[in-house]
Amino acid sequence: MPWRPDKSMLKRPAYLSLVQHVSDAISQGLLGPGERLPAQRELAAEIGVSLQTVSRAYEELRRRNLVQGEVGRGTFVQARGYIEATPFRSDRLADTTVDLSIYKPVAASIHKERMSRTLAQLSKDVPDDVLFSFRPNEGIPRHIASGREWLRMCGLDVDQDRVLITNGVTQGTTAALLTACKPGGTVVAEAVGHHSLAGLCSYLGLKLKGLSIDEHGIVPDAFERACAESKVEVLYLIPNLANPTVTLMPEDRRQAIVDIARANDVFIVENDVLGPLVPHKPPPLAALAKERTFYLTSFTKSIMPSLRSGYMAIPPGMLLTTRNRLLATAWMATPLMAEIASRWVTDGTAKELVMWQRKAIHERNRIAAHVLGNLEFRSNPNAMHIWLSLTDQWKTDQFVAQAQKQGVAIAPSGPFVLDPDSDVRAVRVSLGSANTRNLKRGLRVLAQLLSFEPELILNSF
């Protein structure tokens, strides 16, 4: 007998209730991978709702990557394993929606002014090696020199033959994994961590396993146990104000992780996307274990989203191998972006904007602490997001949907969780993506939602 929702259990709004029924059926195994959902018109007649309600529910299920539609065949449950999902809304939001879902720094007129000034200078004296360079991955010498200076601001002093220019952390991560991991190899990472890693490992044909975390990041015993159970080739981690859990790994924990990596001959990919934005942080793992650590940083989170440029510090002796991986995936970093980044590091603009960003983020965190009051959330004065825990009565997707209905977009936990069977009831709330007035308004909506029982809210629509 094919699965059907119990129409007596549907509540208002009916489309969201139907979404929840299908989602629960998938998680409980009542609907298996590849199984076809009822035709929309047929289901509408069976449960006594409009065709529009069922269509809206199916669209929401597709948005959550629980199902996929095939033209002429119907709607099917997504295959298990990696399900591509983003924590932010990829579709167009209403103009009145407060978007707290996208993870980005605070932006203001100072950023436009500094960029306009630099572009004006470039229009008069753009160097020939920026305009006409086509040599893959070598890097223009002054860009490498600026990279070393930026890395020193991040707490890492490396020789120039260990620095590569990238188009950001994602490109660097791809090259690092291709360099350090054989096809079919195993990567381990935070069980709740960066949303794009699962997809990247899937595309590269790598196995990905999640490691238990606590308030300080990866638990060393979990890492050691994973190494004992199978051959681990790469450990990927975000030690500084991790996205989304806002954990900051202390130095003794970093040393413990490094010791285990050495004992088991595991490479480390260290994502330090915030770079110098986090002051007084412990030394990078790349400083503790330079022989096995690929260190990645960029300008997109600490300074400006559109400045898609970054630096990669690689283990000694691995320059040629890593360079070849960069060549295979992107040929070369974009010289014009690297030139802007280099000039900003050299003339002090980068440091100026980092200090400005720190102040702006501190203020956003004060706003969050004031509005959310005694609600449970994880934060740090230098983090551009908070990890907001939900009360036991709320399911994550249900809470996100209700927040969206009330004009606030936030990021659900799902895309960050490596184990699809884990029930992590939390949401990421970005603090830099809206102006302060809208941030306050959005946070008040979230606080109000958490102060009521879901049943009362759902029944009020």
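Is D265 buried, partly exposed or exposed? At 48% relative accessibility, D265 counts as partly exposed, because the partly exposed class runs between 20% and 50%. Keep in mind from the start that this is a predicted model.

**Loops worth a look**

D265 is a good place to begin a tour. This residue sits in the loop between helix 10 and strand 10 (267-271). Its phi is positive, about 55 degrees, although D265 is not a glycine.

H280 tells a similar story. Phi of H280 is near 55 degrees, again a positive value in a residue other than glycine. You will find H280 in the loop between strand 10 and helix 11 (285-288). With 83% relative accessibility, H280 counts as exposed.

Another loop, the one between strand 9 and helix 10 (251-263), holds P244. A cis peptide bond joins N243 and P244, with omega at about 15 degrees.

W331 belongs to the loop between helix 12 (319-330) and helix 13 (335-347). Together with F134 and L327, W331 makes a nonpolar surface patch of about 300 Å². W331 itself counts as partly exposed, at 34% relative accessibility.

Here are four residues from this tour and the next sections, side by side.

| Residue | Place | Relative accessibility | Class |
|---|---|---|---|
| W331 | loop between helix 12 and helix 13 | 34% | partly exposed |
| H280 | loop between strand 10 and helix 11 | 83% | exposed |
| I110 | helix 4 | 13% | buried |
| T173 | helix 7 | 4% | buried |

**The seven-stranded sheet**

Now turn to the strands. Seven of them form an open sheet in the order 4-12-11-10-9-5-6, with mixed pairing. Strand 4 (163-166) and strand 6 (207-211) stand at the edges, each with a single partner strand, so one side of each is left without a neighbour in the sheet. On average, neighbouring strands of this sheet are turned by 20 degrees against each other, direction ignored. As background, strands of a sheet pair through backbone hydrogen bonds, either parallel or antiparallel.

Strand 9 (residues 234-237) is a helpful one to follow. Strand 5 (residues 186-190) runs parallel to strand 9, and three bridges join the two. Within this pairing, A189 has Y236 as its bridge partner, while V188 stands opposite L235. Strand 9 also pairs with strand 10 in the parallel sense, over four bridges. There, L237 of strand 9 stands opposite E270 of strand 10.

What covers the faces of strand 9, and which residues are buried on each side? Both faces are covered: V234 and Y236 are buried on one side, and L235 and L237 are buried on the other.

Y236 also links strand 9 to a helix. T173, found in helix 7 (residues 169-180), is in contact with L200, Y236 and L296, leaving aside its neighbours within four places in sequence. T173 is buried, with a relative accessible area of 4%.

Elsewhere on the sheet, helix 12 lies across strand 4, strand 11 (293-298) and strand 12 (310-313). Helix 12 runs at about 5 degrees to strand 4.

**A contact between distant parts of the chain**

How far apart are I110 and L353 in sequence and in space? They are separated by 243 residues in sequence, yet their C-alpha atoms are 8.3 Å apart. I110 lies in helix 4 (residues 109-125). Not counting residues up to four places away in sequence, I110 touches E352, L353 and W356. I110 is buried, with a relative accessible area of 13%, because buried means under 20%.

**The four-stranded sheet**

A further open sheet has four strands in the order 13-14-17-16, with antiparallel pairing. Its edges are strand 13 (377-378) and strand 16 (411-412), each with a single partner strand, so one side of each has no neighbour in the sheet. Two bridges join strand 16 to strand 17 (residues 426-430), and these strands run antiparallel. In this pair, A411 stands opposite R428 of strand 17. Helix 15 (residues 396-405) lies across strand 16 and strand 17, running at about 35 degrees to strand 17.

How values were computed:
Residues numbered from 1 in each chain as written. Predicted model: local features only at pLDDT ≥ 70, side-chain atom pairs only at ≥ 80, totals over all residues. Heavy atoms only, no water. Patch = residues over 30% accessible without salt bridge, like charges linked within 9 Å, V, L, I, M, F, W, Y side chains within 5 Å. Areas by Shrake-Rupley, 256 points an atom, 1.4 Å probe, with all protein chains shown as cover. Salt bridge = Lys/Arg side-chain N within 4 Å of Asp/Glu carboxyl O. Buried < 20%, exposed > 50% of the residue type's maximum accessible area, 1.4 Å probe, protein only. Pairing = 2+ DSSP bridges. Axes fitted to C-alpha atoms, helices over the stretch in contact; angles between N-to-C directions. Contact = heavy atoms within 4.5 Å.
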